[in-house]
Amino acid sequence: MSILVTGGAGYIGSHMVHALVDAGERVVVLDDLSTGFRFAVPPEAALVVGDTGDAALVSRLIAEHGIEAIVHFAASIVVPESVADPLRYYRNNTANSRSMIDCAVTGGVKHFVFSSTAAVYGNPARVPVAEDDPLAPMSPYGSSKLMTEIMLRDATAAHGLGHVILRYFNVAGADPLMRTGQSTRNATHLIKVAVEAALGLRGKIDVFGTDYPTPDGTCVRDYIHVSDLVAAHADALRHLRSGGAPATLNCGYGRGFSVLEVIETVKRVSGVDFRVDLAPRRPGDPAAIVAACDRAREILGWQPRWDDLDTIVRHALDWQRKLGTMNL
Ligand SMILES: NC(=O)c1ccc[n+]([C@@H]2O[C@H](COP(=O)([O-])OP(=O)(O)OC[C@H]3O[C@@H](n4cnc5c(N)ncnc54)[C@H](O)[C@@H]3O)[C@@H](O)[C@H]2O)c1
Ligand SMILES: O=c1ccn([C@@H]2O[C@H](COP(=O)(O)OP(=O)(O)O[C@H]3O[C@H](CO)[C@@H](O)[C@H](O)[C@H]3O)[C@@H](O)[C@H]2O)c(=O)[nH]1
(Lines give C-alpha, C1' and ligand atoms only; values in the text may rest on other atoms or scores of the structure.)
(Ligands and ions follow the chains in the order given, each with its own letter.)
Protein backbone atom coordinates (compact mmCIF):
# COMPACT_ATOMS: atom_id res chain seq x y z
CA MET A 1 0.00 0.00 0.00
CA SER A 2 1.19 3.49 -0.82
CA ILE A 3 0.31 7.06 0.04
CA LEU A 4 -0.47 9.61 -2.66
CA VAL A 5 0.71 13.13 -1.78
CA THR A 6 -0.61 15.85 -4.09
CA GLY A 7 1.46 19.03 -4.06
CA GLY A 8 4.38 17.04 -2.65
CA ALA A 9 6.92 19.20 -4.52
CA GLY A 10 5.62 22.31 -2.72
CA TYR A 11 6.62 23.90 0.56
CA ILE A 12 4.53 21.97 3.08
CA GLY A 13 4.00 18.89 0.91
CA SER A 14 7.73 18.27 0.49
CA HIS A 15 8.18 18.25 4.28
CA MET A 16 5.39 15.66 4.45
CA VAL A 17 7.04 13.51 1.80
CA HIS A 18 10.32 13.53 3.74
CA ALA A 19 8.49 12.58 6.94
CA LEU A 20 6.66 9.70 5.23
CA VAL A 21 9.86 8.41 3.61
CA ASP A 22 11.59 8.65 7.02
CA ALA A 23 8.77 6.51 8.46
CA GLY A 24 9.34 3.84 5.79
CA GLU A 25 6.15 4.56 3.83
CA ARG A 26 5.89 4.14 0.05
CA VAL A 27 5.06 7.53 -1.44
CA VAL A 28 3.78 8.71 -4.80
CA VAL A 29 3.81 12.48 -5.41
CA LEU A 30 1.44 14.10 -7.91
CA ASP A 31 2.50 17.68 -8.67
CA ASP A 32 2.26 19.89 -11.75
CA LEU A 33 5.33 21.87 -10.62
CA SER A 34 3.39 25.13 -11.05
CA THR A 35 4.85 26.45 -7.77
CA GLY A 36 6.72 23.35 -6.60
CA PHE A 37 10.21 22.10 -7.37
CA ARG A 38 11.51 18.75 -8.58
CA PHE A 39 14.50 19.00 -6.20
CA ALA A 40 12.15 19.19 -3.20
CA VAL A 41 10.99 15.59 -3.71
CA PRO A 42 13.40 13.03 -2.22
CA PRO A 43 14.52 10.27 -4.60
CA GLU A 44 12.80 7.58 -2.49
CA ALA A 45 9.39 8.98 -3.56
CA ALA A 46 7.97 8.55 -7.08
CA LEU A 47 7.24 11.94 -8.66
CA VAL A 48 4.47 12.04 -11.27
CA VAL A 49 4.20 15.42 -13.00
CA GLY A 50 0.52 15.98 -13.66
CA ASP A 51 -2.68 17.74 -12.69
CA THR A 52 -4.99 16.88 -9.80
CA GLY A 53 -7.89 17.58 -12.19
CA ASP A 54 -6.79 14.75 -14.50
CA ALA A 55 -9.18 12.07 -13.22
CA ALA A 56 -7.88 9.40 -15.61
CA LEU A 57 -4.32 9.91 -14.35
CA VAL A 58 -5.34 9.99 -10.67
CA SER A 59 -7.46 6.83 -11.04
CA ARG A 60 -4.58 5.05 -12.76
CA LEU A 61 -2.16 6.05 -9.97
CA ILE A 62 -4.61 4.83 -7.31
CA ALA A 63 -4.99 1.46 -9.04
CA GLU A 64 -1.36 0.93 -10.07
CA HIS A 65 0.15 1.89 -6.71
CA GLY A 66 -2.57 0.47 -4.47
CA ILE A 67 -3.14 3.86 -2.86
CA GLU A 68 -4.43 3.51 0.70
CA ALA A 69 -4.43 7.19 1.64
CA ILE A 70 -4.34 10.55 -0.09
CA VAL A 71 -2.79 13.61 1.53
CA HIS A 72 -4.07 16.48 -0.58
CA PHE A 73 -1.88 19.63 -0.46
CA ALA A 74 -2.05 20.75 -4.10
CA ALA A 75 -3.75 24.13 -4.40
CA SER A 76 -3.33 27.75 -5.40
CA ILE A 77 -2.61 29.69 -2.24
CA VAL A 78 -2.28 33.47 -2.76
CA VAL A 79 -5.25 35.28 -1.21
CA PRO A 80 -5.15 38.54 -3.29
CA GLU A 81 -4.67 36.50 -6.47
CA SER A 82 -7.86 34.60 -5.58
CA VAL A 83 -9.73 37.91 -5.34
CA ALA A 84 -8.48 38.94 -8.79
CA ASP A 85 -9.05 35.54 -10.44
CA PRO A 86 -11.65 33.67 -8.37
CA LEU A 87 -12.64 31.17 -11.02
CA ARG A 88 -9.07 29.89 -11.31
CA TYR A 89 -9.14 29.28 -7.55
CA TYR A 90 -12.51 27.52 -7.70
CA ARG A 91 -11.14 25.31 -10.48
CA ASN A 92 -7.81 24.43 -8.91
CA ASN A 93 -8.91 24.25 -5.29
CA THR A 94 -12.58 23.26 -5.45
CA ALA A 95 -13.25 21.50 -8.78
CA ASN A 96 -9.93 19.62 -8.75
CA SER A 97 -10.52 18.59 -5.14
CA ARG A 98 -13.97 17.34 -6.10
CA SER A 99 -12.31 15.23 -8.78
CA MET A 100 -9.68 13.93 -6.30
CA ILE A 101 -12.42 12.94 -3.81
CA ASP A 102 -14.41 11.27 -6.58
CA CYS A 103 -11.34 9.27 -7.69
CA ALA A 104 -10.65 8.33 -4.06
CA VAL A 105 -14.19 7.02 -3.55
CA THR A 106 -14.31 5.19 -6.89
CA GLY A 107 -10.82 3.75 -6.44
CA GLY A 108 -11.48 2.44 -2.92
CA VAL A 109 -8.99 4.74 -1.14
CA LYS A 110 -9.59 4.46 2.60
CA HIS A 111 -8.24 7.74 4.00
CA PHE A 112 -8.11 11.37 2.89
CA VAL A 113 -6.22 14.14 4.70
CA PHE A 114 -7.01 17.64 3.47
CA SER A 115 -5.10 20.95 3.77
CA SER A 116 -7.63 23.54 4.85
CA THR A 117 -6.90 26.94 6.28
CA ALA A 118 -7.65 29.43 9.02
CA ALA A 119 -8.96 31.59 6.17
CA VAL A 120 -12.29 29.68 6.45
CA TYR A 121 -13.00 31.69 9.64
CA GLY A 122 -12.55 35.11 8.01
CA ASN A 123 -12.29 37.80 10.66
CA PRO A 124 -13.25 35.82 13.77
CA ALA A 125 -15.48 37.42 16.39
CA ARG A 126 -13.30 35.93 19.13
CA VAL A 127 -9.76 34.62 19.41
CA PRO A 128 -8.60 31.98 19.94
CA VAL A 129 -10.99 30.68 17.30
CA ALA A 130 -12.35 27.15 17.74
CA GLU A 131 -13.34 24.63 15.08
CA ASP A 132 -17.08 25.05 15.74
CA ASP A 133 -17.01 28.85 15.56
CA PRO A 134 -18.76 30.55 12.62
CA LEU A 135 -17.19 30.11 9.19
CA ALA A 136 -17.11 33.27 7.09
CA PRO A 137 -14.29 33.30 4.55
CA MET A 138 -13.30 36.75 3.29
CA SER A 139 -11.73 35.62 0.01
CA PRO A 140 -12.38 33.17 -2.82
CA TYR A 141 -9.31 31.29 -1.53
CA GLY A 142 -11.00 30.70 1.83
CA SER A 143 -14.33 29.87 0.17
CA SER A 144 -12.66 27.42 -2.21
CA LYS A 145 -11.23 25.54 0.78
CA LEU A 146 -14.49 25.62 2.75
CA MET A 147 -16.34 24.13 -0.23
CA THR A 148 -13.88 21.26 -0.28
CA GLU A 149 -14.41 20.68 3.45
CA ILE A 150 -18.15 20.38 2.79
CA MET A 151 -17.66 17.97 -0.13
CA LEU A 152 -15.41 15.76 1.98
CA ARG A 153 -17.90 15.56 4.86
CA ASP A 154 -20.71 14.69 2.44
CA ALA A 155 -18.57 12.07 0.67
CA THR A 156 -17.72 10.52 4.02
CA ALA A 157 -21.39 10.37 5.03
CA ALA A 158 -22.41 8.80 1.72
CA HIS A 159 -19.40 6.59 0.90
CA GLY A 160 -17.48 6.08 4.15
CA LEU A 161 -14.27 7.80 3.00
CA GLY A 162 -12.24 8.41 6.19
CA HIS A 163 -11.02 11.98 6.42
CA VAL A 164 -9.19 14.47 8.58
CA ILE A 165 -9.39 18.16 7.67
CA LEU A 166 -6.53 20.22 9.07
CA ARG A 167 -7.01 23.98 9.21
CA TYR A 168 -3.51 25.42 9.10
CA PHE A 169 -2.74 28.77 10.67
CA ASN A 170 0.43 30.59 9.47
CA VAL A 171 2.98 28.04 8.42
CA ALA A 172 6.66 28.98 8.57
CA GLY A 173 10.16 27.63 9.20
CA ALA A 174 11.90 24.74 7.47
CA ASP A 175 13.01 21.16 7.98
CA PRO A 176 15.47 21.24 10.93
CA LEU A 177 17.73 18.92 8.87
CA MET A 178 17.61 21.48 6.00
CA ARG A 179 16.53 18.93 3.38
CA THR A 180 13.68 21.20 2.26
CA GLY A 181 12.11 24.54 3.10
CA GLN A 182 10.06 27.31 1.57
CA SER A 183 11.49 27.90 -1.90
CA THR A 184 8.43 29.74 -3.30
CA ARG A 185 9.22 32.44 -5.85
CA ASN A 186 7.79 35.94 -5.21
CA ALA A 187 6.56 34.80 -1.80
CA THR A 188 4.12 37.00 0.07
CA HIS A 189 4.34 35.31 3.50
CA LEU A 190 5.58 37.60 6.26
CA ILE A 191 8.41 35.47 7.66
CA LYS A 192 9.70 34.54 4.19
CA VAL A 193 9.63 38.19 3.09
CA ALA A 194 11.35 39.40 6.28
CA VAL A 195 14.03 36.72 5.94
CA GLU A 196 14.66 37.79 2.34
CA ALA A 197 15.01 41.40 3.53
CA ALA A 198 17.46 40.34 6.26
CA LEU A 199 19.60 38.52 3.68
CA GLY A 200 19.60 41.46 1.27
CA LEU A 201 17.34 39.83 -1.34
CA ARG A 202 14.83 42.65 -0.90
CA GLY A 203 15.57 46.29 -0.11
CA LYS A 204 12.89 46.54 2.59
CA ILE A 205 9.69 45.15 4.00
CA ASP A 206 6.32 46.92 4.17
CA VAL A 207 4.14 46.58 7.26
CA PHE A 208 0.59 46.38 5.92
CA GLY A 209 -1.54 48.38 8.36
CA THR A 210 -0.68 49.93 11.72
CA ASP A 211 -4.19 50.93 12.84
CA TYR A 212 -5.70 47.53 13.67
CA PRO A 213 -7.38 47.03 17.07
CA THR A 214 -4.38 45.05 18.36
CA PRO A 215 -1.80 45.95 21.05
CA ASP A 216 0.68 47.55 18.59
CA GLY A 217 -1.77 48.24 15.74
CA THR A 218 -0.39 45.52 13.42
CA CYS A 219 -2.04 42.18 12.58
CA VAL A 220 -1.66 39.22 14.91
CA ARG A 221 -1.13 35.67 13.61
CA ASP A 222 -0.42 32.21 15.02
CA TYR A 223 2.83 31.01 13.37
CA ILE A 224 3.31 27.24 13.33
CA HIS A 225 6.54 25.42 12.45
CA VAL A 226 6.12 23.38 9.27
CA SER A 227 7.58 20.27 10.93
CA ASP A 228 4.98 20.39 13.71
CA LEU A 229 2.27 20.77 11.08
CA VAL A 230 3.60 17.74 9.22
CA ALA A 231 3.62 15.78 12.49
CA ALA A 232 -0.11 16.52 12.79
CA HIS A 233 -0.60 14.94 9.34
CA ALA A 234 1.31 11.84 10.40
CA ASP A 235 -0.84 11.70 13.55
CA ALA A 236 -3.95 12.10 11.38
CA LEU A 237 -2.95 9.13 9.20
CA ARG A 238 -2.32 7.02 12.31
CA HIS A 239 -5.73 8.08 13.67
CA LEU A 240 -7.52 7.06 10.47
CA ARG A 241 -5.63 3.77 10.13
CA SER A 242 -6.66 2.81 13.65
CA GLY A 243 -10.32 3.45 12.82
CA GLY A 244 -10.58 6.99 14.19
CA ALA A 245 -13.63 9.08 13.33
CA PRO A 246 -13.55 11.93 10.79
CA ALA A 247 -12.28 15.15 12.31
CA THR A 248 -11.74 18.82 11.52
CA LEU A 249 -8.87 20.30 13.50
CA ASN A 250 -7.06 23.61 13.87
CA CYS A 251 -3.29 23.49 13.55
CA GLY A 252 -1.68 26.36 15.43
CA TYR A 253 -0.06 26.92 18.81
CA GLY A 254 -2.75 29.07 20.41
CA ARG A 255 -0.68 32.23 20.74
CA GLY A 256 -0.24 35.18 18.43
CA PHE A 257 2.56 37.51 17.35
CA SER A 258 2.11 40.89 15.69
CA VAL A 259 3.76 41.80 12.39
CA LEU A 260 6.15 44.14 14.24
CA GLU A 261 7.05 41.39 16.74
CA VAL A 262 7.86 39.01 13.89
CA ILE A 263 10.02 41.62 12.15
CA GLU A 264 11.89 42.38 15.40
CA THR A 265 12.49 38.65 15.86
CA VAL A 266 13.90 38.31 12.33
CA LYS A 267 16.18 41.30 12.95
CA ARG A 268 17.41 39.91 16.28
CA VAL A 269 17.92 36.32 15.12
CA SER A 270 19.65 37.38 11.86
CA GLY A 271 21.61 40.23 13.45
CA VAL A 272 20.62 42.47 10.51
CA ASP A 273 18.76 45.77 10.85
CA PHE A 274 16.89 45.99 7.53
CA ARG A 275 14.57 48.77 6.32
CA VAL A 276 10.91 48.61 7.44
CA ASP A 277 8.25 50.90 5.90
CA LEU A 278 4.81 51.44 7.42
CA ALA A 279 2.22 50.97 4.66
CA PRO A 280 -1.58 50.97 4.30
CA ARG A 281 -3.65 47.91 5.14
CA ARG A 282 -3.61 44.99 2.68
CA PRO A 283 -7.20 44.27 1.62
CA GLY A 284 -8.75 41.16 3.14
CA ASP A 285 -6.45 40.83 6.17
CA PRO A 286 -8.22 39.89 9.44
CA ALA A 287 -6.89 41.87 12.43
CA ALA A 288 -6.10 38.91 14.64
CA ILE A 289 -6.41 35.18 14.23
CA VAL A 290 -5.10 32.63 16.70
CA ALA A 291 -6.00 28.94 16.96
CA ALA A 292 -7.79 27.19 19.75
CA CYS A 293 -5.64 24.09 19.38
CA ASP A 294 -6.75 21.67 22.11
CA ARG A 295 -8.76 19.47 19.79
CA ALA A 296 -5.77 18.31 17.67
CA ARG A 297 -3.91 17.41 20.86
CA GLU A 298 -6.89 15.54 22.31
CA ILE A 299 -8.00 13.66 19.20
CA LEU A 300 -4.65 13.02 17.51
CA GLY A 301 -2.33 13.12 20.51
CA TRP A 302 -0.43 15.83 18.58
CA GLN A 303 2.61 17.15 20.46
CA PRO A 304 4.37 20.13 18.91
CA ARG A 305 8.19 20.18 19.26
CA TRP A 306 9.19 23.47 17.64
CA ASP A 307 6.80 25.93 19.30
CA ASP A 308 9.22 28.85 19.49
CA LEU A 309 9.26 31.87 17.16
CA ASP A 310 13.06 32.24 17.34
CA THR A 311 13.48 28.63 16.20
CA ILE A 312 10.96 29.06 13.37
CA VAL A 313 12.79 32.18 12.17
CA ARG A 314 16.24 30.56 12.55
CA HIS A 315 15.18 27.60 10.42
CA ALA A 316 13.63 29.92 7.80
CA LEU A 317 16.90 31.93 7.70
CA ASP A 318 19.04 28.80 7.43
CA TRP A 319 16.94 27.50 4.54
CA GLN A 320 17.05 30.84 2.73
CA ARG A 321 20.87 30.85 3.03
CA LYS A 322 21.00 27.31 1.67
CA LEU A 323 18.67 28.23 -1.21
CA GLY A 324 21.06 31.04 -2.11
CA THR A 325 23.80 28.49 -2.71
CA MET A 326 21.63 26.18 -4.81
CA ASN A 327 21.72 28.07 -8.11
CA LEU A 328 18.08 27.34 -9.07
N1 LIG B 1 1.60 28.16 3.58
C2 LIG B 1 0.62 28.44 4.45
O3 LIG B 1 0.78 29.26 5.37
C4 LIG B 1 -0.70 27.72 4.35
C5 LIG B 1 -1.70 28.05 5.26
C6 LIG B 1 -2.92 27.39 5.19
C7 LIG B 1 -3.14 26.39 4.25
N8 LIG B 1 -2.16 26.10 3.36
C9 LIG B 1 -2.44 25.04 2.38
O10 LIG B 1 -1.36 24.11 2.36
C11 LIG B 1 -1.25 23.53 1.06
C12 LIG B 1 0.19 23.60 0.61
O13 LIG B 1 0.59 24.97 0.56
P14 LIG B 1 2.11 25.41 0.36
O15 LIG B 1 2.34 26.59 1.22
O16 LIG B 1 3.00 24.24 0.50
O17 LIG B 1 2.07 25.92 -1.14
P18 LIG B 1 2.97 25.53 -2.42
O19 LIG B 1 2.55 26.44 -3.53
O20 LIG B 1 4.42 25.53 -2.05
O21 LIG B 1 2.54 24.03 -2.72
C22 LIG B 1 1.45 23.69 -3.56
C23 LIG B 1 1.93 22.57 -4.47
O24 LIG B 1 0.83 22.11 -5.25
C25 LIG B 1 1.22 22.02 -6.62
N26 LIG B 1 0.00 22.20 -7.40
C27 LIG B 1 -0.81 23.27 -7.45
N28 LIG B 1 -1.87 23.04 -8.25
C29 LIG B 1 -1.72 21.75 -8.72
C30 LIG B 1 -2.50 20.91 -9.57
N31 LIG B 1 -3.63 21.34 -10.14
N32 LIG B 1 -2.06 19.65 -9.82
C33 LIG B 1 -0.91 19.20 -9.24
N34 LIG B 1 -0.14 19.96 -8.43
C35 LIG B 1 -0.55 21.21 -8.16
C36 LIG B 1 2.26 23.12 -6.80
O37 LIG B 1 3.13 22.89 -7.88
C38 LIG B 1 3.01 23.04 -5.46
O39 LIG B 1 4.06 22.10 -5.52
C40 LIG B 1 -2.24 24.28 0.19
O41 LIG B 1 -3.41 23.49 0.05
C42 LIG B 1 -2.54 25.55 0.97
O43 LIG B 1 -3.81 26.05 0.67
C44 LIG B 1 -0.95 26.74 3.38
O1 LIG C 1 5.37 41.84 3.35
C2 LIG C 1 4.47 41.61 4.19
C3 LIG C 1 3.79 40.36 4.26
C4 LIG C 1 2.78 40.20 5.20
N5 LIG C 1 2.47 41.21 6.05
C6 LIG C 1 1.41 41.02 7.05
O7 LIG C 1 1.73 39.88 7.82
C8 LIG C 1 0.55 39.20 8.24
C9 LIG C 1 0.63 37.75 7.80
O10 LIG C 1 0.57 37.70 6.37
P11 LIG C 1 0.93 36.40 5.51
O12 LIG C 1 2.23 35.85 5.95
O13 LIG C 1 0.77 36.79 4.07
O14 LIG C 1 -0.17 35.36 5.94
P15 LIG C 1 -1.77 35.47 5.93
O16 LIG C 1 -2.28 36.52 5.03
O17 LIG C 1 -2.18 35.56 7.37
O18 LIG C 1 -2.22 34.10 5.25
C19 LIG C 1 -1.49 32.90 5.40
O20 LIG C 1 -2.10 32.18 6.40
C21 LIG C 1 -3.44 31.75 6.09
C22 LIG C 1 -3.99 31.04 7.29
O23 LIG C 1 -4.18 31.99 8.30
C24 LIG C 1 -3.37 30.84 4.88
O25 LIG C 1 -4.63 30.36 4.58
C26 LIG C 1 -2.77 31.55 3.72
O27 LIG C 1 -2.60 30.64 2.65
C28 LIG C 1 -1.45 32.13 4.08
O29 LIG C 1 -1.01 33.02 3.05
C30 LIG C 1 -0.62 39.95 7.58
O31 LIG C 1 -1.11 40.87 8.51
C32 LIG C 1 0.04 40.72 6.45
O33 LIG C 1 -0.60 41.93 6.12
C34 LIG C 1 3.14 42.42 6.02
O35 LIG C 1 2.85 43.33 6.79
N36 LIG C 1 4.12 42.58 5.09
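## Two domains and their contact

In this predicted model, 31 residues of domain 1 are in contact with 27 residues of domain 2, two residues being in contact if their C-beta atoms, placed from the backbone, lie within 7 Å. On the side of domain 1 that touches domain 2, the elements giving two or more residues are α3 (79–84), β7, β10 (223–225), α7 and β11, where helices (H or I, at least four residues) and strands (E, at least two) are DSSP runs numbered from the N terminus. Helix α7 gives the most to this side, with seven residues. By class, the residues of this side divide into 20 nonpolar, eight polar and three charged, with Ala, Val, Leu, Ile, Met, Phe, Trp, Tyr, Cys and Pro counted as nonpolar, Asp, Glu, Lys and Arg as charged, and the others, Gly among them, as polar.

Domain 1 comprises 2–172 + 223–251 and domain 2 comprises 190–221 + 254–324, bounds that come from an automatic or database domain assignment. The centres of the two domains, taken over C-alpha atoms, are separated by 24 Å.

## Numbering and confidence

Residues are numbered from 1 along each chain as its sequence is written, while chains are lettered from A and ligands numbered from 1 in the order in which they are written. Local features need pLDDT of at least 70 and side-chain atom pairs count only at pLDDT 80 or more, whereas totals for chains, interfaces and linings use all residues.

## The sheet and its helices

Seven strands, in the order β3-β2-β1-β4-β5-β6-β11, form an open sheet with parallel pairing; two strands pair if DSSP finds at least two bridges between them. The edge strands, each of which pairs on one side only, are β3 (46–49) and β11 (247–251). From one strand to the next, the twist averages 20°, with axes fitted as lines to C-alpha atoms (for helices over the stretch in contact) and angles running from 0 to 180 degrees between N-to-C directions.

Helix α5 (residues 140–159) packs on the sheet and touches β5, β6 (162–168) and β11, its direction making about 155° with that of β5. Helix α7 (residues 226–241) lies across β4, β5, β6 and β11 and runs at about 160° to β6.

## The shell around ligand 1

Ligand 1 is surrounded by 29 residues, of which the closest are Gly7, Gly10, Tyr11, Gly36 and Ala75; a residue is near a molecule if its C-beta atom, placed from the backbone, lies within 6 Å of it. The largest share of this shell, three residues, comes from α1, and the shell has 11 nonpolar, 15 polar and three charged residues.
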